[in-house]
Amino acid sequence: MPTLLLVSANDPDNRLNQLSNEIKEIQRTLNKTFEKGYDVVLTPDASIQDLIEELRIPNREIEVLHYAGHADTTLIQLADGNADAAALAEKLQHFNCLKLVFLNGCATRGQVDFFHKAGIPFVIATSCKIGDDKAYLVSTQVYQYLCLGRSLREACQEVETDVRKLQKKADFVATRALVSVPGQANEETDAFPWGLYCKPGAEQEDYRLPFTESEPQGEVTLNQTSFLNKLIQAMAKIEGSTMAGIRSLAPNLARGNVPDNRKISELLKVLPLPIATRLRDITALVDLRNDEYYRGLLYDYAVFFDNLLQYAAAILLAQLWQLKQKPNPELATTIQHFLQRNHLQSSAVLYRDLLPALNAARTPEWNAQFNPLPAETLDYLASPAFEMAADFFWGLKKYYWQRVRLREEESVRCCYQAQEQLSEAFLHFRTELGLVMASVRDIKVINQRYVSKEFDNIISKLLLRESDPLPQTGVQMLENRSILCFPEADFGVDSPSLNLFPFLIDRNVFLNQSNTEVDIYLFAGYYQPEGYPRTCFHFVSVDRPGEVWRFDESLEEISLLNIGEISSQNHEANHLMTNTWELKHYLNQFKAQFLTA
């Protein structure tokens, strides 16, 4: 089988911050393609000997060689020294299957002739010094287009158009040059530095990644019917009164006499809000299906997958928190690694370690109060299918963030693949989806519940009424100011509940007056954003996953506006100025439980 070899090497004295991200992202992009007809081999921090050993493996058919690191017109830098490009090209001349060498370093144009003389038809090289960030963007984008089935020439043209159109600028302090000349400008020229160089005589040739299946023939249209059927069939296996409507639909699906809008309506009644909201947006009818529609739709599929996993993690972490169990050192490290990541910019593989670790840490008290994750869920997390799904949905998010332009047939094919992956994941996480969420607002009650029977997408609005008895005080953590989770629909004062704050948070709970607007946010990481001086909590809107609220604990007054929103008196009156002390107090308790050594 053809092999795509990814090689990188960094310099401890002149580090490139994006280098590791680049080759890992390229690896995920190449692996997320379901019809791939190739192997991907990653060799980070490669020495000269490492590269030689990779080339010596018998019967290896290297078809693409990607290098990322410091370079110049004749050399590439490896972990133990500089390698002569001419000598490397000579070693590659025996690989008749080698089609492309991608030299993603500074000023590698001078090396092109070496590789052409070795018989390699295509070389991507640079004409000058290049910035680290821009090198990351260009190379990862090339492989995104290749994995869509585009030819090499098409991919390179698309990326050049992307970079010029979006005016992507990078931090050029870190460059991929072997030697940094004092006083020399770091920024490359206005001309696009990357070029695709074809061997003389191969000007009419092109290259595509090898796939096991050809693209579907004929017109393909997007259809949600099968996807909705699979979601309903999974939910119908959940016991409890909340699923009665779903169970009544399930037997009729095979006969095809249940309209899609009825399926959607019943699913929205029972799914937790983060997942229900994504389903609502995925199945929304639109008049115009253009690039922006498909890009947003694919992003919604990816967020749906992330929300499934995040909801399961929130429940397990909330159980640990509510039982006031201090994690053991090994589990604490796993939890901290998870919480301190930027979830928006991370692959869902984060959950592969976290969820089994939390499940394995269960005590008898924990098992007595809450059900463990089913074996089928743990098996799925450990399977290659989960890793491929995580890479696939991470790739869909990259399409959205980097504004990759997909053709309609490519978008539809990605949508169908997303539906297949979500149907599989949904089946394995259906147990957690049977729980009922309640947003508690403006309640001074800890030991009692005042529950309205009115549901809004399984967000029950709990409000203290004048006719209710006086509230009781208590010490149970946060239960009067958070999202609660109930195991059944007909819950009351004595029903056990699970506190999901701050994994899910209603911004409205910090007002001193009742608010009828549902404004739920999901925890997205406790990290220091690039260019920001402090580590902060980040939460992402359920309704609008592009909107992020950052809570900076160092500020005296916190406006709960999203990052980049323009403040106005009317906006603040309706969208909250938080009780900063109270929020700090709650989040400090959370940090003490999970984010301190």
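A residue is called buried when its relative accessible area is under 20%, exposed when that area is over 50%, and partly exposed in between, with a 1.4 Å probe and protein chains only. This tour applies that definition to a predicted model, in which local features need pLDDT of at least 70, side-chain atom pairs count only at pLDDT 80 or more, and totals for chains, interfaces and linings use all residues. Residues are numbered from 1 along each chain as its sequence is written, and side-chain values use heavy atoms, with hydrogens and water left out.

**The whole chain**

Begin with the complete chain in a cartoon view. It holds 20 helices and 17 strands; these are DSSP runs numbered from the N terminus, with helices being H or I of at least four residues and strands being E of at least two. Of the 597 residues in the chain, 57% are buried. A contact means heavy atoms within 4.5 Å. Among contacts in the chain with a separation of 6 or more, 71% are between residues 24 or more positions apart.

**Strand 1**

Next, select residues 2–9, which form strand 1. Are the residues of this strand buried or exposed? Eight of its eight residues are buried, so the strand is described as mostly covered, following the cut-off of under 20%. Show the side chains: P2, L4, L6 and S8 point one way, while T3, L5, V7 and A9 point the other way.

**The six-stranded sheet**

Now add the neighbours of strand 1. Two strands pair if DSSP finds at least two bridges between them. In general, strands of a sheet pair through backbone hydrogen bonds, either parallel or antiparallel. Strand 3 (residues 61–69) runs parallel to strand 1 and is joined to it by eight bridges; here L5 stands opposite L65. Strand 2 (residues 39–43) also runs parallel to strand 1, with five bridges between them, and T3 has D39 as its bridge partner in strand 2.

Extend the selection to the entire open sheet, whose six strands follow the order 2-1-3-6-7-8 with mixed pairing. Which strands lie at the edges? Strand 2 and strand 8 (194–198) do, each pairing on one side only. From one strand to the next, the twist averages 15°. Within this sheet, strand 3 and strand 6 (residues 100–104) run parallel and share five bridges; V64 has L100 as its bridge partner in strand 6.

**Helices on the sheet**

Select helix 1 next. Axes are lines fitted to C-alpha atoms, for helices over the stretch in contact, and angles run from 0 to 180 degrees between N-to-C directions. Helix 1 packs on the sheet and touches strand 1, strand 2, strand 3 and strand 6, with its direction making about 165° with that of strand 1. Then select helix 5 (residues 132–147), which packs on the sheet against strand 3, strand 6 and strand 8, its direction making about 160° with that of strand 6.

**Helix pairs**

Keep helix 1 in view and add helix 16 (residues 384–401). These two helices pack at an angle of about 110°, with their axes 8 Å apart. That angle makes helix 1 roughly perpendicular to helix 16, since angles of 65 to 115 degrees count as roughly perpendicular, under 35 as roughly parallel, over 145 as roughly antiparallel and the rest as oblique. The contact is made by E25, R28, T29 and N31 of helix 1 and M388, D391, W394 and K398 of helix 16.

For a second pair, select helix 2 (residues 48–56) and helix 3 (residues 85–92), whose axes come within 11 Å and cross at roughly 15°. This makes helix 2 roughly parallel to helix 3. Which residues meet here? L51, I52 and L55 in helix 2 meet L88, K91 and L92 in helix 3.

**The four-stranded sheet and E565**

Move to the open sheet of four strands, with the order 14-15-16-17 and antiparallel pairing. Its edge strands are strand 14 (504–506) and strand 17, each pairing on one side only. The twist averages 35° from one strand to the next. Strand 16 (residues 536–541) and strand 17 run antiparallel and are joined by four bridges, and F539 has W549 as its bridge partner in strand 17.

Finally, select E565, in the loop between strand 17 (548–551) and helix 19 (569–575). E565 is partly exposed, with a relative accessible area of 30%. E565 and V548 are 17 residues apart in sequence and 9.8 Å apart in space, C-alpha to C-alpha.
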